[in-house]
Amino acid sequence: MSAPAVSGASVLGGGPLHVQDYAEFLRAEYLDGYLPAGGGSVKITVVGDEDVARRFHLAMAATAEQADVVHVHVRAQDARVHMVDQVFFAASAQVSWSEIARGVLTAAYDSAGMPAEPGRLTVAEVAAHHDLDARELYRSVRRELERAVLDDSTLAREMRRAVLRLAQAEMSGGDVSPAQARAVLGWLRGEKVPVRELREALIFGRIARHNARAMLCSLGRLLLRTGRGGLVLHLDLQRLAEGRRPPLEQRSGIYYSKAAVIDAYELVRQLIDATDELAGVLVVAVVPGELVTDEVRGLPAYSALQLRVADEVRDRRRPNPFAAMVRLETRLEAL
């Protein structure tokens, strides 16, 4: 691996990376091969200002699209980023679950020796294509689905059941009604759904703090299984720096107490500690420069995270894009 060339003229202080350079580096070293191979990582990205953060978001979205990686953008002002279940729901809302279900179902048809034509996945269509009895084909494919999904211990238990139901709904075999499929989809996105439909789908638990991280990890694995290159979770934490709320008429979105800020750092720290489970997931947490040094609301306030990402020794003139924490177009004297 080789570090990318850095356009020093466009970088304040000469040390930090340029936005486009870092996005291209992440694509070359992570999105093109490491994530599709089952790797995972967490990066802390310190941005010089809001414009740098905006350009980095756009660059990462474009880079992920080129690499066929799903990119989800979760902003702290829109989702409660100190709660992992809320982060999962925000990410889940941006993912095409029907695409995942169709991918799982396509693989099941292939395993049953009855490949489906693109876009024609109902059991009636596939049975007609192969001149088979639809009921017999449904039984065979359902067994393949159960073997592939329910028996996969790398997926969270709740995720297995939900994906199985969505795949069955795509088959249109009658086992899962459209109302049950909508309930499962809403459950995955944190919406209020009828309990009766959920129970009929054999889903009895909630997605909460105790299982949301496993659900997030499972999402990356599912995307890999369905042929995508993985998942980029772009976690914008700039709002954490706002310690004082603006006047009521100027407020927008969610604001965080110091305790909630620490919880958000703990969430990132837990993701770092769970890197081995983040198969196909790259988490990019974006923070403003002041949070690197602020002892009240910044990383120094939660040493468990700071010690995992801070570089004790670094060259201020030569950036290291492989580091856990990188700086994008920031002023050296501030950081």
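**Exercise 1. Find the partner of Arg142 in this predicted model, and work out which parts of the chain the pair ties together.**

*Step 1.* Start from the side chain of Arg142: its salt-bridge partner is Asp175, and the closest N and O atoms are 2.3 Å apart. That falls within the 4 Å cut-off for a salt bridge.

*Step 2.* Now place both residues. Arg142 belongs to helix α6 (residues 134–150), while Asp175 sits in the loop between α7 (157–171) and α8 (178–188), so the bridge ties together parts that are 33 residues apart in sequence.

*Step 3.* Check the accessibility of each partner. Arg142 has a relative accessible area of 26% and is partly exposed. Asp175 is partly exposed too, at 38%.

*Step 4.* For context, a search of the whole structure turns up 19 salt bridges. One more case to look at is a network of salt bridges that links Asp51, Arg54, Arg55 and Glu329.

**Exercise 2. Work out how the salt bridge between Arg147 and Glu144 is placed along the chain, and do the same for Asp152 and Arg225.**

*Step 1.* Take Arg147 and Glu144: their side chains meet in a salt bridge, at 3.0 Å from N to O. Both residues are in helix α6, 3 residues apart, so about one helical turn separates them.

*Step 2.* Is each of these two buried or partly exposed? Arg147 is partly exposed, with a relative accessible area of 46%. Glu144 has 19% relative accessibility and counts as buried, since the limit for buried is under 20%.

*Step 3.* Turn to Asp152, which forms a salt bridge with Arg225, the closest N and O atoms lying 2.6 Å apart. Here the pair links distant parts of the chain: Asp152 is in the loop between α6 and α7, Arg225 is in helix α10 (residues 212–225), and 73 residues separate them.

*Step 4.* Finish with the accessibility. Asp152 is buried at 15%, whereas Arg225 is partly exposed at 36%.

**Exercise 3. Describe the packing of α7 against α6 and against α8.**

*Step 1.* Recall what is needed: two packed helices are described by the angle between their axes and the distance between the axes.

*Step 2.* For α6 and α7, the angle is about 155° and the axes are 10 Å apart. Angles over 145 degrees count as roughly antiparallel, and α6 and α7 are therefore roughly antiparallel to each other. Their crossing is right-handed.

*Step 3.* Which residues make this contact? On the α6 side they are Tyr138, Val141, Arg142, Leu145, Glu146, Val149 and Leu150, and on the α7 side Arg160, Arg161, Val163, Leu164, Ala167, Gln168 and Met171. Arg142, the salt-bridge partner of Asp175, is included in this list.

*Step 4.* For α7 and α8, the axes come within 9 Å and cross at roughly 145°, and the crossing is left-handed. In this contact, Glu158, Met159, Ala162, Arg165, Leu166 and Ala169 of α7 meet Ala181, Val184, Leu185, Trp187 and Leu188 of α8.

**Exercise 4. Describe the surroundings of strand β5 (residues 325–328).**

*Step 1.* Look at its faces: Met325 and Arg327 lie on one side, Val326 and Leu328 on the other, and all are buried, which leaves both faces covered.

*Step 2.* Look for a neighbouring strand. Strand β1 (residues 41–47) pairs with β5 in the parallel sense, over 4 bridges.

*Step 3.* Pick out a position in this pairing: Thr45 stands opposite Val326 in β5.

Terms used. Residues are numbered from 1 along each chain as its sequence is written. This is a predicted model: local features need pLDDT of at least 70, side-chain atom pairs count only at pLDDT 80 or more; totals for chains, interfaces and linings use all residues. Side-chain values use heavy atoms; hydrogens and water are left out. Helices (H or I, at least four residues) and strands (E, at least two) are DSSP runs, numbered from the N terminus. Buried means under 20% relative accessible area, exposed over 50%, partly exposed in between (1.4 Å probe, protein chains only). Two strands pair if DSSP finds at least two bridges between them. Axes are lines fitted to C-alpha atoms, for helices over the stretch in contact, and angles run from 0 to 180 degrees between N-to-C directions. Angles under 35 degrees count as roughly parallel, over 145 as roughly antiparallel, 65 to 115 as roughly perpendicular and the rest as oblique. A crossing is left-handed if the near helix is turned anticlockwise from the far one by less than a right angle, and right-handed if clockwise. Contact means heavy atoms within 4.5 Å.
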